[in-house]
Amino acid sequence: MNKLAINNLLVTCCSSFRRSADLAEISHGRFYQSLGLLLAQDVYSRHGRQNLGELLVELAEHVHALREMDELEQVGEILVNSPLPQRFKTIGRYYQAVCIQNFGEGDTEHARGLLEHVIESGTPVYRARAMISLAASLRHQHDNQSALWLYREAAHFASLVRIYDAYATLGTQKMVAVIGSENGDHRGAVDLLEQLYPVAQSVRSS
């Protein structure tokens with residue numbers, strides 16, 4: 001992908017971000033100011049690539065939270081195809097996998113290959129998230145036993161490397177509770193969901 005194509009995608013993504021964002025000035029001014037400066041400068045300098053990667057990840061997380069999948073697909077493409085440090089490319093592959101998986105209705109086998117790559121070589125946060133997404137795919141395929149094992153592995157990994165990621169915490173424990181309830185452990189599922197309530201409230205308020 002050439003520089004012009006990348007910049008065109010950035011403009012498209014940022015226009016969508018402006019239309020959909022309703023967060024209270026969380027980073028609007030900073031985001032657009034920083035992105036404008038990067039586009040005006042040589043984004044292919046080492047410092048520029050680092051800053052651009054971080055801004056794109058911030059944008060990806062935002063549109064993912066809003067389930068703006070078309071915009072997420074574009075940001076993932078930029079992350080993968082731009083000359084960014086490798087860790088940003090791996091994050092881009094994660095978001096590409098999420099879009100391809102399409103909540104269990106897409107090409108789950110293709111998505112699985114990308115997710116396995118992220119699990120092997122991604123940063124700790126995205127390795128945990130990739131495990132959760134892969135577990136969700138297994139659940140959509142009605143393989144609850146394998147899904148439950150992978151959800152627990154994701155939780156164990158997050159604890160082992162001492163990362164705190166609200167998405168990982170809620171994603172794993174919620175689904176452990178759901179599968180546990182389906183297996184007959186209703187009391188245990190309720191207890192687990194009650195423990196998650198403060199985390200969910202914190203995420204909602206932010």
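**A helical chain and its tyrosine cluster**

At a relative accessibility of 0%, Y94 counts as buried. This tyrosine offers a convenient entry into the structure, which is a predicted model. Y95, the neighbouring residue in the sequence, is buried as well. Y126 is also buried, its relative accessible area being 4%. Each of these three values or assignments rests on a threshold of under 20% relative accessible area for a buried residue.

The three tyrosines are connected through their rings. Three aromatic pairs are present in the structure. In one of them, Y94 and Y95 have ring centres 5.0 Å apart and planes at 70°, so the pair is edge-to-face. Y94 and Y126 form an aromatic pair that is likewise described as edge-to-face, with 5.5 Å from centre to centre and 65° between the planes. Because Y94 lies in helix α5 and Y126 in helix α7, this pair ties together parts of the chain that are 32 residues apart in sequence. Ring pairs thus link Y94, Y95 and Y126 into a cluster. The edge-to-face label applies to both pairs because their planes meet at over 60 degrees.

The setting of this cluster is an all-helical chain: ten helices are found, and zero strands. Read from the N terminus, the order of elements is α-α-α-α-α-α-α-α-α-α. Of the 206 residues in the chain, 42% count as buried. Among contacts with a separation of 6 or more, 57% are between residues 24 or more positions apart. The accessible surface comes to about 11,200 Å², and 50% of this area belongs to carbon and sulfur atoms.

The interior can be approached through the largest nonpolar core. In soluble globular proteins, nonpolar side chains tend to be buried together. Here the largest nonpolar core has 41 residues, and those touching the most other members are L56, L72, L79, Y94, Y95, Y126 and Y151. At least two residues of this core are supplied by each of α3 (46-65), α4 (69-81), α5 (86-101), α6 (108-121), α7 (124-140), α8 (144-160) and α9 (166-182). The largest share, eight residues, comes from α7. All three members of the tyrosine cluster, Y94, Y95 and Y126, are therefore found in the list of residues that touch the most other core members.

Helix α7 merits a separate description. At 1.5 Å a residue, its 17 residues should span 24 Å, and the end C-alpha atoms are 25 Å apart, which agrees. The buried residues of α7 are Y126, A128, R129, A130, M131, I132, S133, L134, A135, S137 and L138. After α7 comes H142, which has a positive phi, near 65°.

Helix α4 also contributes to the core. Its 13 residues reach 18 Å from the first C-alpha to the last, close to the 18 Å expected at 1.5 Å a residue. Buried positions in α4 are M69, E71, L72, Q74, V75, G76, I78, L79 and V80. In the loop between α4 and α5 stands P83. P83 counts as partly exposed, at 39% relative accessibility. The C-alpha atoms of P83 and R49 are 7.4 Å apart in space, while the two residues are 34 apart in sequence.

Polar side chains also meet residues of α7. Q101, in helix α5, is buried with a relative accessible area of 7%. The side chain of Q101 reaches the backbone oxygen of S133 at 3.2 Å. Leaving aside residues up to four places away in sequence, Q101 touches G106, A111, L115, S133, A136 and S137. S133 and S137 are among the buried residues of α7.

T108 provides a second polar example, placed in helix α6. T108 is buried, with a relative accessible area of 15%. Its side chain makes a polar contact of 3.4 Å with the side chain of Q141. Not counting residues up to four places away in sequence, T108 touches S137 and Q141. S137 is thus a residue touched by T108 and also by Q101.

Methods. Residues are numbered from 1 along each chain as its sequence is written. This is a predicted model: local features need pLDDT of at least 70, side-chain atom pairs count only at pLDDT 80 or more; totals for chains, interfaces and linings use all residues. Side-chain values use heavy atoms; hydrogens and water are left out. A nonpolar core is a set of buried Ala, Val, Leu, Ile, Met, Phe, Trp, Tyr and Cys residues joined through side-chain atoms within 4.5 Å. Buried means under 20% relative accessible area, exposed over 50%, partly exposed in between (1.4 Å probe, protein chains only). Helices (H or I, at least four residues) and strands (E, at least two) are DSSP runs, numbered from the N terminus. The expected span of a helix is 1.5 Å times one less than its number of residues. A polar contact is a pair of N or O atoms within 3.5 Å; within protein, one must be able to donate a hydrogen and the other to accept it, and residues adjacent in sequence count only if both atoms are side-chain atoms. Contact means heavy atoms within 4.5 Å. Accessible areas come from the Shrake-Rupley method with a 1.4 Å probe; for residues, only the protein chains shown count as cover. Rings of Phe, Tyr and Trp (its six-membered ring) pair if their centres lie within 6.5 Å; planes under 30 degrees apart count as stacked, over 60 as edge-to-face and the rest as tilted.
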